[in-house]
Amino acid sequence: MKRVPFICILSVFIVIMSGCAQNKDYVVTIKTRYGDMVAILYDETPKHKENFIKLAKEHYFDSTLFHRVIAGFMIQGGDPDSKSAMPGQPLGRGGPGYTIDAEFNPKFIHERGALSAARLGDQQNPAKASSGSQFYIVQGTVMTEDELKLDQSKFDVALKQFFQNPVNRPAYDSIVAAYQAGDMKGYQSMLLQLKPRVEKETGITTDKEVSPEKLKVYTTVGGAPSLDGEYTVFGKVIQGIEVVDKIAAVQKDHGDRPTEDIRMAVSVEEMPRKKIEKLYGYQYPETKAK
């Protein structure tokens, strides 16, 4: 009987082990006093996934706060400076001393439950590199098709031109009054109602193309489409999204920091993908394709 070369046996072993590794994944659990959130991290954003798992295993996130919450938008945490922060202390600048290269992927948008990396603004950070530890979870809102198709930058230019005409001063005063009163729904509604008039008077078309996939998600599930292509989405909450709603609704100060500390503890567990699908009802793309 022929002896099988050792190199061949080793190659087969590597292939088998590689297949086993692909059939497993990490599940992230974020514990808070409002309940637990469970998330998966995307393979297509490997730098962010590897970094988040590393920090979680080191218990880096434990006792950090959700230090910035905006209802209808997102909740943010992961700043190590928040562990011992005094009440009212501004937060959002801390981190592990490094950033992560942006990993934008058009497949992953800021839908409700998206797990994304916070970062410094464009002026300080033109490459849009992510914070080494700070992240946010999207709560978002359900939007209309008209809202989604509005090109905000073009509309801003058109509005500026439109309001330079003294005849349009009453419309300007009404919009400003709604904004100052904190009536954001009324504010947005007035702007959209004004859109045809603005376009007609200025000659500027303010619509943009939006894919059918995005239209479906943002008009049903909801999210924060203005963040797409600006911040890296690297995961998704697959259980406990109601916890995001509870945290987003808490009382906060003028800096959007909750008046009562909301601490987290983050852990990761590796388990078979089939088990993840069974436990949490999440379907991996390759499973959907079958």
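**Helix α5, two buried valines and the empty spaces of the model**

Val198 lies in helix α6 (helices are DSSP runs of H or I with at least four residues, strands are runs of E with at least two, and both are numbered from the N terminus). This is a predicted model, so local features need pLDDT of at least 70 and side-chain atom pairs count only at pLDDT 80 or more, while totals for chains, interfaces and linings use all residues. Residues are numbered from 1 along each chain as its sequence is written, and side-chain values use heavy atoms, with hydrogens and water left out.

Val198 counts as buried because its relative accessibility is 0% (buried means under 20% relative accessible area, exposed over 50%, and partly exposed in between, with a 1.4 Å probe and protein chains only). Setting aside neighbours within four places in sequence, Val198 is in contact with Phe155, Ala158, Leu159, Phe162 and Gly203, where contact means heavy atoms within 4.5 Å. Pro285 is another matter: 87 residues separate it from Val198 in sequence, and the C-alpha to C-alpha separation in space is 43 Å.

The other valine looked at here, Val233, has its place in strand β9 (residues 233-239). With a relative accessibility of 5%, Val233 counts as buried. Outside the four places to either side in sequence, the contacts of Val233 are Tyr42, Thr45, Phe108, Ile109, His110, Ala114, Leu115 and Ser116. Gly121 is 112 residues from Val233 along the chain, and the C-alpha atoms of the two are separated by 16 Å.

Next comes helix α5. The twelve residues of α5 (residues 169-180) should span 16 Å at 1.5 Å a residue, and the end C-alpha atoms are indeed 16 Å apart, which agrees; the expected span is 1.5 Å times one less than the number of residues. Ala171, Ile175 and Ala178 are the buried residues to note in α5. They cover an arc of only 60 degrees around the axis, so they sit on the same side of α5 (the arc is that of the directions from the helix axis to the C-beta atoms). Among the elements covering the buried residues of α5 are α4 (152-163) and α6 (184-202). Turned away from that buried side is a face carrying the exposed residues Pro170 and Gln180. After α5 comes Gly182, with a positive phi near 80 degrees.

Then there is the empty space. Rolling a probe the size of a water molecule over the atoms shows where such space is left. On a 1 Å grid over the protein atoms alone, a cavity is a set of points where a 1.4 Å probe fits but cannot get out, a pocket is an open set with protein on both sides within 12 Å along at least five of seven lines, and lining residues have an atom within 4 Å of a point. Grid points are joined across faces, edges and corners, and a volume is the space filled by probe spheres set on the points.

The structure holds one cavity of 30 Å³ or more. The largest cavity has a volume of about 70 Å³. Its lining takes in 13 residues, with Asn51, Phe52, Ser131, Gly132 and Phe234 nearest the centre. Helix α2 (residues 46-57) gives the largest share of this lining, four residues. By class, the lining of the largest cavity has seven nonpolar, six polar and no charged residues (Ala, Val, Leu, Ile, Met, Phe, Trp, Tyr, Cys and Pro count as nonpolar, Asp, Glu, Lys and Arg as charged, and the others, Gly among them, as polar).

The largest pocket holds about 1,100 Å³ of space. Of the 26 residues that line it, Thr141, Met143, Gln188, Pro225 and Ser226 lie nearest its centre. At least two lining residues come from each of α3 (145-148), α6 and α7 (212-220), and the largest share, five residues, is from α6. The lining of the largest pocket divides into 13 nonpolar, eight polar and five charged residues.

The second largest pocket has a volume of about 670 Å³. It is lined by 34 residues, and Gln76, Gly92, Arg93, Arg119 and Gln134 are the closest to its centre. The elements giving two or more residues to that lining are β3 (66-70) and β4 (74-77). Here the lining divides into twelve nonpolar, 17 polar and five charged residues.

As for the protein chain overall, ten helices and ten strands make up its secondary structure. Of its 290 residues, 41% count as buried.
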